[in-house]
Amino acid sequence: MAKTVLIVGAGFAGLNAAKTLGKKGRDLSVVVIDRRNYHLFQPLLYQVAMAALSPADIAYPIRSLLSEYPNIRVLLGDVQSIHAKEKEIRGDFGALKFDYLLVATGAQHSYFGHDEWEDNAPGLKTLEQATEIRRRVLTAFELAERETDPEKQKAFLTFVIVGGGPTGVEIAGALGEISRYTLEKDFRNIDPRLTRVVLVEAGQRILSSFSPESSERALRDLEKLGVSVRTGTRVTNVNKDGVAMGSEFLRASTVIWAAGVLPSALNKTFGTELDKAGRVKVNPDLSLPGFPEIYVVGDQAAVQVNGATLPGLAPVAMQEGRHAARNIVRLAGGKKTEPFHFVDKGTMATIGRSRAIVEFGKLHFFGFLAWLTWLFVHIYYLIGFKNRLFVLFQWTYSYLTFGRGARLIVHKNWKMEK
């Protein structure tokens with residue numbers, strides 16, 4: 001009887017693990033479990049939030065992605081706990097036994113003990129959050145257009161992004177671009193170019209994972225788009241009227257949260273040591289200490305390389321997923337596992353139209369060439385030819401016309417009004 005491998009999560013790590021097992025572990029019975037039926041290309045999620053792409057452009061059905069592998073079954077479900085000693089997981093689908101387990105359920109935003117801020121400052125990790133941010137941003141312009149009170153109008157046209165990492169920088173750049181170029185001809189009572197976009201970062205510089213040179217270049221690019229960047233500034237409160245930063249209160253109708261990461265709550269069910277951020281401290285081969293048949297990868301895992309913990313980026317998750325899957329094949333074949341070695345393929349971030357920064361080892365470059373590199377890499381890694389074609393068309397259109405093709409305000413209430 002074939003041994004069972006359970007993969008929890010079909011993000012970058014889980015999907016790459018499944019494909020590896022589909023090719024190299026054909027004698028294994030693999031079950032991929034995810035609470036959603038699609039794989040989400042998260043690096044482009046901000047493009048959905050900023051009305052440049054539609055949700056279907058960056059999401060693809062998991063079943064379609066894995067249909068060519070006869071040894072893989074896909075299960076829609078929410079895993080609620082993991083019982084390592086019993087070799088069992090439990091969820092809304094019941095209980096499932098496993099011989100090998102790979103867990104890669106990702107992470108969510110951390111509000112640093114202030115979860116009540118989420119209602120007024122949504123994060124950006126899911127399609128639902130992206131469309132909600134899009135709704136809030138576009139609605140703010142619409143409400144400002146009909147407002148006669150200058151102070152209220154100013155609040156509607158003020159957008160605050162909390163967190164100066166890649167996500168925060170990309171959102172701020174896109175907002176600056178939308179207000180300056182995309183919407184300027186669409187409104188009569190307001191001037192969208194007077195929109196105030198404020199990026200708040202608690203650290204001393206934005207993009208702290210990049211070199212100081214790249215951070216400074218990104219800062220200058222954001223300022224050219226009209227974005228006000230505040231570093232060394234900590235948010236102390238968020239409510240429906242705006243953001244408090246110490247003794248200062250900034251009135252803003254739209255606040256977007258891009259600060260802090262909190263690993264999946266499943267980590268607490270393992271019963272093993274976690275780091276300060278809540279990630280599982282795994283062995284060099286990515287297995288769970290004391291449980292060689294269980295692997296934890298992606299944003300959930302604290303993987304040490306040269307004394308530093310690898311960041312929660314897509315290239316890291318993809319490499320970890322493939323390596324963990326190969327180790328499972330080795331274990332199933334009675335062989336020893338191998339330690340994980342990360343190959344750094346560089347980091348990049350985009351700042352609006354035709355502006356980006358790219359770092360690859362000692363090679364750092366900026367501007368239009370960096371943006372083309374960013375564009376090529378993201379198109380290449382998009383799942384499915386149709387997705388690549390649509391996204392390329394959308395970006396070409398946006399670049400030539402400054403247009404935004406998905407400016408739809410969609411409310412959550414699905415019932416027809418009577």
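**Two buried loop residues and the overall fold**

Leu-207 is buried, since its relative accessible area is just 1%, and the cut-off for that label is under 20%. In this predicted model, Leu-207 sits in the loop that links strand 12 (196–200) to helix 7 (212–224). Its backbone also has a quirk: phi of Leu-207 is near 50°, a positive value in a residue that isn't glycine.

Ala-51 tells a similar kind of story. Its spot is the loop between helix 2 (45–49) and strand 4 (59–61). Here, too, phi is positive, near 70° for Ala-51, and again the residue is something other than glycine. With a relative accessibility of 3%, Ala-51 counts as buried, because anything under 20% does.

Now for the whole chain. The protein chain has 10 helices and 27 strands. Its C-alpha atoms fill a box of roughly 70 × 55 × 40 Å along the principal axes. A compact globule of 418 residues would have a radius of gyration near 22 Å, and the protein chain has 22 Å, so the two agree.

What share of the 418 residues counts as buried? For the protein chain, the figure is 52%. Looking at contacts with a separation of 6 or more, 66% of them in the protein chain join residues 24 or more positions apart.

As for the outside, the accessible surface of the protein chain comes to about 20,300 Å², and carbon and sulfur atoms make up 53% of that area. The protein chain carries 53 positive and 42 negative charges, and the mean positions of these two sets are 4 Å apart.

Note on methods. Residues numbered from 1 in each chain as written. Predicted model: local features only at pLDDT ≥ 70, side-chain atom pairs only at ≥ 80, totals over all residues. Heavy atoms only, no water. Helix = DSSP H or I, 4+ residues; strand = E, 2+ residues; numbered from the N terminus. Rg over C-alpha atoms; globule rule 2.2 N^0.38 Å. Buried < 20%, exposed > 50% of the residue type's maximum accessible area, 1.4 Å probe, protein only. Contact = heavy atoms within 4.5 Å. Areas by Shrake-Rupley, 256 points an atom, 1.4 Å probe, with all protein chains shown as cover. Lys, Arg positive; Asp, Glu negative; His and termini not counted. Charge placed at Lys NZ, Arg CZ, Asp CG, Glu CD.
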